[in-house]
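Colleague: Mind walking me through the cysteines in this one? I'd like the reasoning along with the answers.

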Amino acid sequence: MKNAFTLAEVLITLGIIGVAAAMTMPSLIAEHKEKSTIARLKKVYSVLDNAYMLARNENMDVSSWFGEDNTKVNSKIFFNNIKPYLKIIKDCGFEEGCLTDGSVKTLDRRDYNEYNKNRQEYRFVLADGTQVMIMLNIYDNSDINNFGNIKVDIDGYRGDYTFGKDVFIFDIKTTGIYPAGMKDDPNYQFKDFCNKSKSTDANGRACTAWVIFNENMDYLHCNDLDWSTKIKCK
């Protein structure tokens with residue numbers, strides 16, 4: 001006599017495995033997607049900051065780059081200075097065509113801005129598909145330390161098109177490019193501008209620094225995170 005499982009026992013076992021897989025797969029997929037987002041964001045941060053550093057070394061004082069109080073003019077000047085140090089596959093300037101159609105969403109799922117139709121920001125696409133927008137505020141000699149930002153859509157045309165999920169912001173300063181929402185940011189604090197329970201303007205814009213330095217996106221899963229006391233949901 002040989003011992004063996006009956007057909008019924010095999011089917012029951014497969015059914016249990018299937019139920020367990022159905023319960024765990026969504027969370028595993030979501031976790032993998034978040035890890036991929038973190039890696040892509042850190043990469044684009046390194047690419048942009050390195051290009052800016054090389055441009056500063058080549059062209060000296062950043063404040064000398066700009067001669068007009070004009071957002072579009074200065075945005076293009078900034079782009080032209082960092083362009084030699086980037087791998088760009090599409091340069092749209094101020095025209096439509098580089099960015100995802102429709103409105104980018106806030107973290108609490110409100111429509112915010114149709115950037116593809118907004119011609120105030122200089123836009124281009126990097127070799128890895130990252131969509132980039134440069135916006136230099138009207139140049140002000142009284143505050144040359146913080147004069148604009150760079151917005152990136154790290155998964156191009158494929159993702160959620162949402163602040164804090166696949167769209168992130170970096171602040172441009174004379175000393176470098178910094179992830180928006182730093183711990184000591186006086187204007188856009190993480191607790192108010194990276195929180196799904198809030199309805200602040202451009203909610204999600206302050207998630208960038210959190211993702212890069214804490215290496216998680218747990219703000220998508222709980223609302224009580226804090227730079228000093230709690231950096232993970234569990």
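Modeller: Sure. Keep in mind that this is a predicted model. Let's begin with cysteine 92 and cysteine 98, which form a disulfide.

Colleague: OK, how far apart are the sulfur atoms of cysteine 92 and cysteine 98?

Modeller: A pair of cysteine sulfur atoms has to be within 2.5 Å to count as a disulfide. Cysteine 92 and cysteine 98 make that cut, with their sulfur atoms at 2.0 Å.

Colleague: And which handedness does the link of cysteine 92 and cysteine 98 have?

Modeller: Look at the angle about the S-S bond, which is 90 degrees for cysteine 92 and cysteine 98. That link is right-handed.

Colleague: Is cysteine 98 buried or exposed?

Modeller: Buried means under 20% relative accessible area. Its partner cysteine 92 has 12%, so cysteine 92 is buried. Cysteine 98 has a relative accessible area of 0%, so cysteine 98 is buried.

Colleague: Next, cysteine 194 and cysteine 207: how many residues apart in sequence are the parts that this pair ties together?

Modeller: The two form a disulfide, with 2.0 Å between their sulfur atoms. Cysteine 194 sits in the loop between helix H3 (190–193) and helix H4 (208–214), and cysteine 207 is in the loop between H3 and H4 as well. The parts tied together are therefore 13 residues apart in sequence.

Colleague: What is the torsion about the S-S bond of cysteine 222 and cysteine 233?

Modeller: A disulfide joins cysteine 222 to cysteine 233, S to S 2.1 Å. Cysteine 222 and cysteine 233 lie in the segment after H4, so this pair ties together parts eleven residues apart in sequence. The disulfide is left-handed because its torsion is about -100 degrees.

Colleague: Does cysteine 233 count as buried or partly exposed?

Modeller: The cut-off for buried is under 20% relative accessible area. Cysteine 222, at 15%, counts as buried. Cysteine 233 is at 22%, so cysteine 233 counts as partly exposed.

Colleague: Taking the bonded cysteines in sequence order, what is the pairing?

Modeller: Searching the whole structure turns up three disulfides. Number the bonded cysteines of the protein chain in sequence order and the pairing reads 1-2, 3-4, 5-6.

Colleague: Away from the cysteines, about how much accessible area do Leu7, Leu11, Leu14 and Ile17 have together?

Modeller: Leucine 14 is one of them, and it lies in helix H1 (residues 7–59). Exposed means over 50%, so leucine 14 is exposed at a relative accessible area of 53%. Leu7, Leu11, Leu14 and Ile17 form a nonpolar patch on the surface, and together their accessible area is about 440 Å².

How values were computed: Residues are numbered from 1 along each chain as its sequence is written. This is a predicted model: local features need pLDDT of at least 70, side-chain atom pairs count only at pLDDT 80 or more; totals for chains, interfaces and linings use all residues. Side-chain values use heavy atoms; hydrogens and water are left out. Patches are made of residues with over 30% relative accessible area and no salt bridge: like charges are joined within 9 Å, nonpolar side chains (Val, Leu, Ile, Met, Phe, Trp, Tyr) within 5 Å. Accessible areas come from the Shrake-Rupley method with a 1.4 Å probe; for residues, only the protein chains shown count as cover. A salt bridge is a side-chain nitrogen of Lys or Arg within 4 Å of a carboxyl oxygen of Asp or Glu. Helices (H or I, at least four residues) and strands (E, at least two) are DSSP runs, numbered from the N terminus. Buried means under 20% relative accessible area, exposed over 50%, partly exposed in between (1.4 Å probe, protein chains only).
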